[in-house]
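Trainee: I am new to this one. Could we go through it together, beginning with a single residue?

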Amino acid sequence: MHREHHVTSSETIRDIVIGMSDGLTVPFALAAGLSGAIGSSTLVVTAGIAEIVAGSIAMGLGGYLAGRTEADHYQSELKREYDEVERLPEQEKAEVKEVFAEFGLSESLQQQIADEMAKDKEKWVDFMMRYELGLEEPNANRATKSAITIGVSYIVGGIIPLSPYIIINHAQQALYYSCGVTLICLFIFGYFKSKMTGQPALSGAFKVVIIGALAAGAAFLMAKLITGK
């Protein structure tokens, strides 16, 4: 028996990826940069927690606004399509025919489908939204769900690089453990992210690790250069 495997929760996965990738990378880079300038882990933890709180709110709000914009755009286009099928039915029928012409259907069959579809205005508009404009009706709770998913994922990701600083008092010593833990988590995260999105898992994992390492390394070196330590 042939079975097809498809990812059905791409929006949620996308939100987790956005939140987790930034949550792992930004606080990690911040902690590394601070470790190059100060010796106290307490200050690193304080600054890191402040950044996680601010970052999760900003990222979550960004996800919410993106979701609201998508919903508002859909409603605006839906209203316009209803108006066009009322005022310009023949032009809209011609657009339906153009869609089916791309599939190689005959002229007579295109006309038959367009005439039949025009009998149900709601289905006609839904067809135009999907196949002319490429728009799917967004979930009513999409914006809120996206905000929560991104925000929580950011917090979870951000706690990981900070955890060694909570246990170890000396910042530069804690940095070594933070690097180890965070890079392992970045590799695991990158591996499963690539796996779920159908990309080469190992190369995807290494790309995520390299990005995180470069961000943290740049922050650490910049702090060293500024402080001269």
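Mentor: Certainly. This is a predicted model. Let us begin with Phe 206, which lies in helix H8, spanning residues 201-227.

Trainee: Is Phe 206 buried, partly exposed or exposed?

Mentor: Phe 206 counts as partly exposed, because its relative accessibility is 46%, and the partly exposed class runs between 20% and 50%.

Trainee: Which residues form a nonpolar patch with Phe 206 on the surface?

Mentor: The patch consists of Leu 202, Phe 206, Ile 210 and Leu 214. Together they have about 430 Å² of accessible area.

Trainee: Changing topic, how many aromatic pairs does the structure hold?

Mentor: The structure holds 2 aromatic pairs. In one of them, Phe 187 and Phe 206 meet edge-to-face, with 5.3 Å from centre to centre and 70° between the planes.

Trainee: And where in the chain do those two residues sit?

Mentor: Phe 187 is in helix H7, residues 171-196, and Phe 206 is in helix H8. They are 19 residues apart, and the pair links distant parts of the chain.

Trainee: How is Phe 187 classed, buried or partly exposed?

Mentor: Phe 187 is partly exposed, as its relative accessible area is 26%.

Trainee: What about Tyr 191 and Phe 192?

Mentor: Tyr 191 and Phe 192 also form an edge-to-face aromatic pair, at 5.5 Å centre to centre with 85° between the planes. The angle counts as edge-to-face because the cut-off is over 60 degrees.

Trainee: What is the relative accessibility of each of them?

Mentor: Tyr 191 has 25% and so counts as partly exposed. Phe 192, at 48%, is also partly exposed.

Note on methods:
Residues are numbered from 1 along each chain as its sequence is written. This is a predicted model: local features need pLDDT of at least 70, side-chain atom pairs count only at pLDDT 80 or more; totals for chains, interfaces and linings use all residues. Side-chain values use heavy atoms; hydrogens and water are left out. Patches are made of residues with over 30% relative accessible area and no salt bridge: like charges are joined within 9 Å, nonpolar side chains (Val, Leu, Ile, Met, Phe, Trp, Tyr) within 5 Å. Accessible areas come from the Shrake-Rupley method with a 1.4 Å probe; for residues, only the protein chains shown count as cover. A salt bridge is a side-chain nitrogen of Lys or Arg within 4 Å of a carboxyl oxygen of Asp or Glu. Helices (H or I, at least four residues) and strands (E, at least two) are DSSP runs, numbered from the N terminus. Buried means under 20% relative accessible area, exposed over 50%, partly exposed in between (1.4 Å probe, protein chains only). Rings of Phe, Tyr and Trp (its six-membered ring) pair if their centres lie within 6.5 Å; planes under 30 degrees apart count as stacked, over 60 as edge-to-face and the rest as tilted.
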